[in-house]
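Trainee: I am new to this one. Could you walk me through it with a few questions and answers?

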Amino acid sequence: MNYRGAILDVDGTVVRGDEPIPGAGDGLAAVESAGLGRVFVSNNPAKQPSAYEERFARAGFEVSAEEVVTAGTVTARYFAEERPDAAVYVVGEPGLVEILDDAGVSVVGDAADADVYLASIDRSFDYDTLCEALDVLADDGVAFVGTDPDMVIPAAERDVPGSGAVINAVAGVTEREPDAVLGKPSETARTMALERLGTDPGETLVVGDRLDTDIALGERFGMTTVLVRTGVTDEETLSRSSVEPDYVLDSLGDIGDVLDGTA
């Protein structure tokens with residue numbers, strides 16, 4: 001198949017913390033050698049693309065901020081397009097609030113003033129936060145939105161709870177499912193990634209370590225999917241999943257086998 005672009009996950013695929021994953025450099029070189037455009041899509045909602053540029057540099061990779069899409073920028077795009085006049089109350093990290101502010105989203109400090117309750121990874125999340133959510137989301141007129149579905153994320157030392165853990169806690173106590181969950185594998189994430197690449201889904205690869213986000217994104221929108229074993233997905237998870245990647249590789253370093261048709 002003639003591929004023209006690649007959507008690449010970050011954590012668990014290219015880096016873990018600030019360290020490169022073995023084989024990632026070879027994989028990126030293979031993508032470049034094959035002439036593919038690339039965009040890095042992360043479900044981290046709290047970091048600016050410029051922070052990823054710096055992080056990649058620490059890992060030894062040259063990546064520009066313009067090549068990076070995050071769950072934070074996807075969330076900001078969603079509000080710009082779908083709820084441009086909404087007053088948004090954020091349960092999340094300061095970096096997410098900064099991204100939304102920069103995009104002109106109206107962020108309010110009092111939950112009582114909100115049209116939208118936005119839930120995300122929040123290291124200060126506690127019992128009082130759940131009590132507040134129960135009160136705010138008792139009003140059906142307040143929308144419930146999540147930045148991304150990642151239940152667990154790979155950190156430098158160990159896996160830790162992600163936005164999905166917070167979103168599910170709020171959903172459980174309020175008995176409400178989110179009106180939208182952004183990041184991968186949402187339609188907004190797909191749109192932003194393909195806009196950056198200038199490709200159609202059928203000529204685009206999605207490479208990542210997560211079945212429910214990376215591989216689901218490609219499967220949902222007609223892209224070729226490549227799972228790497230360097231992140232959170234083990235063989236047991238893969239064997240029982242209803243989401244099936246087109247290819248399974250030991251690492252990004254083996255992506256050349258997909259590109260040349262030998263995988």
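**Charges and a helix face**

Mentor: Gladly! This is a predicted model, and the structure holds 18 salt bridges.

Trainee: How far apart are the closest N and O atoms of Glu81 and Arg77?

Mentor: Start with the helix: Glu81 and Arg77 both lie in α3 (residues 71-82), 4 residues apart, so about one helical turn separates them. Glu81 itself is partly exposed, at 46% relative accessible area. The two form a salt bridge, and their closest N and O atoms lie at a distance of 2.5 Å.

Trainee: Is Arg210, the salt-bridge partner of Asp212, buried or exposed?

Mentor: The closest N and O atoms of this pair are 3.6 Å apart. Asp212 is partly exposed, with a relative accessible area of 39%. Buried means under 20%, and Arg210 has 9% relative accessibility, so Arg210 counts as buried.

Trainee: Which residues of α2 are buried?

Mentor: Let me list them: Pro49, Tyr52, Arg55, Phe56 and Ala59. Viewed down the axis of α2, these buried residues fall within an arc of 105 degrees, so they line one face of the helix. On the other side of α2, the exposed residues are Glu54 and Arg58. The buried ones, once more, are Pro49, Tyr52, Arg55, Phe56 and Ala59.

Trainee: Which residues form the negative surface patch that includes Glu62?

Mentor: Glu62 sits in the loop between α2 (49-59) and β5 (68-70). Its relative accessible area is 76%, so Glu62 is exposed. The negative patch is made up of Glu53, Glu54, Glu62 and Glu66.

Methods. Residues numbered from 1 in each chain as written. Predicted model: local features only at pLDDT ≥ 70, side-chain atom pairs only at ≥ 80, totals over all residues. Heavy atoms only, no water. Patch = residues over 30% accessible without salt bridge, like charges linked within 9 Å, V, L, I, M, F, W, Y side chains within 5 Å. Areas by Shrake-Rupley, 256 points an atom, 1.4 Å probe, with all protein chains shown as cover. Salt bridge = Lys/Arg side-chain N within 4 Å of Asp/Glu carboxyl O. Lys, Arg positive; Asp, Glu negative; His and termini not counted. Charge placed at Lys NZ, Arg CZ, Asp CG, Glu CD. Helix = DSSP H or I, 4+ residues; strand = E, 2+ residues; numbered from the N terminus. Buried < 20%, exposed > 50% of the residue type's maximum accessible area, 1.4 Å probe, protein only. Arc of directions from axis to C-beta.
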